[in-house]
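Colleague: I would like to learn how to read a structure like this one, feature by feature. Could you take me through it slowly?

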Amino acid sequence: MPQDLRSLLFPSLIGCLDGPGLCNAVSDEQDPVLQPFDCLHFSWYDRYTTKGMGAPSDIHPYELRRGNSRTNIWEMLPYVSNDMAEYGQLFDSLMRAFQEVFMWIENVFEVHLPYGYEVLAQVADSLPGSAISKDMPFVSVVLNLNVRTEAHRDKWDKNLCLVLCVGDFSGGALVLKEQGLVLELQNGDFAIFRSSESTHFNLNYTGRRATFVMQMDKEFDKWVEGQNNWGHSNSFL
């Protein structure tokens, strides 16, 4: 990452958070299991939406009934996370502050991983209401503050995810277990990997550390392929 962008990452984040209070310094003496952290999901989802398979095409979905209850018409389309509504002002501030950074990352991604970029961008371009993703080619960005994760896989992620480190810290390496990799990511470094297939976690660290995690809900495949099986409906345009 160019130094002019890298040098502004942490000050920009602190500015968006109205000070360093939410991104406290972590020391070696603190138990990572007991250390609290904050996590905000600025995300689009398609999981748990009502699918229209077998529904008649000439009846409005609102008039459909399944058993003794009406169809849940509010979850036929992809939807945004609660954090998008509750912390909308913070999201807007982050997107403005990091717009140039995210555009630079997008360009690097498209050049070096063109097929992976194309697969994700196809989904991002299909958001309902002509919505535009602010972190192309993904549709979700998660802000983690002071996170030290246990080993896990993200089963809902589609294809690739991206992790960007921000802060003034030492340690905190990203570990990819199956690949046998320990990635010493520093402020402004990022990694792209298959988070649903790779067991990953980060090591202990000292200082102030945050990450932006960009990802895509794999359930969006159902939206792209057939609009959650509502594409045949006369009421679903």
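Colleague: Which residues of helix H6 are buried?

Modeller: A residue is called buried when its relative accessible area is under 20%, exposed when it is over 50%, and partly exposed in between, with a 1.4 Å probe and protein chains only. In helix H6, which spans residues 114-124, the buried residues are Gly 116, Tyr 117, Val 119, Leu 120, Ala 121, Val 123 and Ala 124. The cover over the buried residues of H6 includes helix H5 (99-112) and H7. Helices (H or I, at least four residues) and strands (E, at least two) are DSSP runs, numbered from the N terminus, and the protein has seven helices and 11 strands. This is a predicted model, in which local features need pLDDT of at least 70 and side-chain atom pairs count only at pLDDT 80 or more, while totals for chains, interfaces and linings use all residues. Residues are numbered from 1 along each chain as its sequence is written, and side-chain values use heavy atoms, with hydrogens and water left out.

Colleague: What share of the 237 residues of the protein counts as buried?

Modeller: The share is 47%. One of these buried residues is Asn 228, with a relative accessible area of 0%, and its place is in the segment after H7. Contact means heavy atoms within 4.5 Å; leaving aside neighbours within four places in sequence, Asn 228 has contacts that include Asp 46, Thr 49, Met 76 and Trp 223. Ser 233, also in the segment after H7 (220-226), counts as buried at 4% relative accessibility. With its neighbours within four places in sequence set aside, Ser 233 touches Ser 57, Ile 59 and Pro 61.

Colleague: How should I read two aromatic rings, and how many aromatic pairs does the structure hold?

Modeller: A pair of aromatic rings is described by the distance of the centres and the angle of the planes. Rings of Phe, Tyr and Trp (its six-membered ring) pair if their centres lie within 6.5 Å, and planes under 30 degrees apart count as stacked, over 60 as edge-to-face and the rest as tilted. The structure holds 10 such pairs. The centres of Phe 42 and Phe 91 are 5.2 Å apart and their planes stand at 40 degrees, so this pair is tilted. Because Phe 42 belongs to strand E1 (residues 38-45) and Phe 91 to helix H4 (residues 88-97), the pair ties together parts that are 49 residues apart in sequence. Phe 42 and Phe 91 are both buried. Tyr 48 and Trp 156, by contrast, make an edge-to-face pair, with 5.8 Å from centre to centre and 65 degrees between the planes.

Colleague: Are Tyr 48 and Trp 156 buried or exposed?

Modeller: Tyr 48 counts as exposed, at 59% relative accessibility, whereas Trp 156 counts as partly exposed, at 23%.

Colleague: Which charged end sits over the ring of Trp 156?

Modeller: A charge sits over a ring if NZ of Lys or CZ of Arg is within 6 Å of the ring centre and within 35 degrees of the ring normal. The charged end of Lys 218 sits over the ring of Trp 156, at 5.9 Å from its centre. Arg 148 likewise lies over the face of Tyr 205, 5.3 Å from the ring centre.
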